[in-house]
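The following exercises are to be worked with the sequence and the three-dimensional model at hand. Each task is followed by a solution in steps.

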Amino acid sequence: MSFSFDQLAGSGSVAVMGIINLSPDSFYAGNRCATVEDAVRHAENMVEEGAHVLDVGAESTRPGSQAIGEETELKRLAPVVSALAKRVPVPVSVDTSKPAVANQVLQEGAQIINDVAGLQDHPEMSRIIARHGAGVVVMHMQGVPETMQDNPQYGDVVEDVLEFLRLSVETAGSAGIAPRSIAVDPGIGFGKTLEHNLKLIGSLRRFKVLDKPVLIGVSRKSFIGRILDLDAEERLEGSLAAGVAGVINGADILRVHDVRATVRAVRIAHAIREAGG
């Protein structure tokens, strides 16, 4: 049976995806895990706090970061994914754009691949995901992490990102990935200026034309730091505000570092969204 995003949260509600970082150079130290037991303990805490799904990454994609090899990524990921699949009661997503890594972690028990390249870097990625009956998050990124923030430009950022994601959804469907196994992510902070990010968050309803759950990752990101002039460690309130704005504007899944606070904020935001129709 294929994974479906419908199972993450109750009908019509908003799901919270907890972040687990296995990369030593991730931009926020609060969610870094150095060992398998650290990762499991962190995951269990997030589930207790209300996370509906966990997203595990072993390669930093922060602005300016450099790519790592498949062997290094798998060495970090495989034992953690295997342990989480056995010990936590929620689906495990893996943040990777490498087909060989995706294939291995899906064998280890992951149920979702979160591809920052939106299935557009490697043709085999979509086929691997389809073969495993897994879910996929297709994300938009302009450029690559090392240089994506150098000078991002768009004709119309919303339309350009929408067209990219439309192609990603078509690629997923053509490979045989089930329609409800696909979610879309406009890629906040991935090759976008402050103004691009704000426009995307304010225009999320336009992505509903794709008929897919909309995921956003705004947690503790640099655009919040630019507005508030605060380091990542001090961006909780900004993250909650951006997440709530995302939910009001149509987000279905929030990818976050701070699960408990986000779950509480999202319940209020979702209630207001539903009351307003």
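**Exercise 1. A loop residue with a positive phi**

Where is the place of L119: in which loop, and between which elements? Establish also whether L119 is buried or exposed.

Solution. The model is a predicted one.
- Step 1: L119 is found in the loop that runs between β4 (112-115) and α4 (123-132).
- Step 2: The phi angle of L119 is positive, about 65 degrees, although L119 is not a glycine.
- Step 3: Buried means under 20% relative accessible area. The relative accessibility of L119 is 4%, so L119 counts as buried.

**Exercise 2. A second positive phi**

Carry out the analysis for D211, stating its loop and its exposure class.

Solution.
- Step 1: D211 is placed in the loop between α6 and β7.
- Step 2: The phi of D211 is about 60 degrees, a positive value in a residue that is not a glycine.
- Step 3: The class exposed requires over 50% relative accessible area. D211 has 55% relative accessibility and therefore counts as exposed.
- Step 4: Taken together, L119 is buried, whereas D211 is exposed.

**Exercise 3. The order of the sheet**

Determine the order of the strands in the sheet and explain why β6 and β7 each have one side without a neighbour.

Solution.
- Step 1: The secondary structure of the protein chain consists of nine helices and eight strands.
- Step 2: Eight strands form an open sheet with parallel pairing, in the order β6-β5-β4-β3-β2-β1-β8-β7.
- Step 3: β6 and β7 (215-216) stand at the edges and have a single partner strand each, so one side of each lacks a neighbour in the sheet.

**Exercise 4. Pairing along the sheet**

Trace the bridges that β8 makes with β1 and with β7, then examine β5 with β6 and β2 with β3.

Solution.
- Step 1: β1 (residues 15-21) and β8 pair in the parallel sense through four bridges. Within this pair, V16 stands opposite L254 of β8.
- Step 2: β7 is joined to β8 by two bridges, and these strands run parallel. Here I216 stands opposite L254 in β8.
- Step 3: L254 thus faces V16 and also I216.
- Step 4: β5 (residues 135-139) pairs with β6 over four bridges in the parallel sense. V136 has I182 in β6 as its bridge partner.
- Step 5: β2 (residues 53-57) is joined to β3 by four bridges, again in parallel. L54 has V92 in β3 as its bridge partner.

**Exercise 5. The two faces of a strand**

Assign the residues of β8 and of β6 to opposite sides of their strands.

Solution.
- Step 1: In β8 (residues 253-256), I253 and R255 lie on one side and L254 and V256 on the other. All of these are buried, and both faces of β8 are covered.
- Step 2: In β6 (residues 182-185), I182 and V184 point one way, while A183 and D185 point the other way. These residues of β6 are all buried as well.

**Exercise 6. Surroundings of two buried residues**

Describe the location and the contacts of S97 and of N197.

Solution.
- Step 1: S97 lies in the loop between β3 (92-95) and α3 (99-108). Its relative accessibility is 17%, and S97 is therefore classed as buried.
- Step 2: Apart from neighbours within four places in sequence, S97 contacts D115, V116, A117, H122 and M125. In the case of H122, the separation from S97 is 25 residues in sequence and 8.1 Å from C-alpha to C-alpha.
- Step 3: N197 belongs to helix α6 (residues 194-202). With 3% relative accessibility, N197 counts as buried.
- Step 4: Leaving aside neighbours within four places in sequence, N197 is in contact with I188, G189, K192 and F223.

**Exercise 7. The chain as a whole**

Characterise the burial, the contacts and the charges of the protein chain.

Solution.
- Step 1: Of the 277 residues, 55% count as buried.
- Step 2: Among contacts with a separation of 6 or more, 71% are between residues 24 or more positions apart.
- Step 3: The accessible surface is about 11700 Å², and 49% of it belongs to carbon and sulfur atoms.
- Step 4: The chain has 27 positive and 35 negative charges, whose mean positions are 3 Å apart.

Technical notes: Residues numbered from 1 in each chain as written. Predicted model: local features only at pLDDT ≥ 70, side-chain atom pairs only at ≥ 80, totals over all residues. Heavy atoms only, no water. Buried < 20%, exposed > 50% of the residue type's maximum accessible area, 1.4 Å probe, protein only. Contact = heavy atoms within 4.5 Å. Areas by Shrake-Rupley, 256 points an atom, 1.4 Å probe, with all protein chains shown as cover. Lys, Arg positive; Asp, Glu negative; His and termini not counted. Charge placed at Lys NZ, Arg CZ, Asp CG, Glu CD. Pairing = 2+ DSSP bridges.
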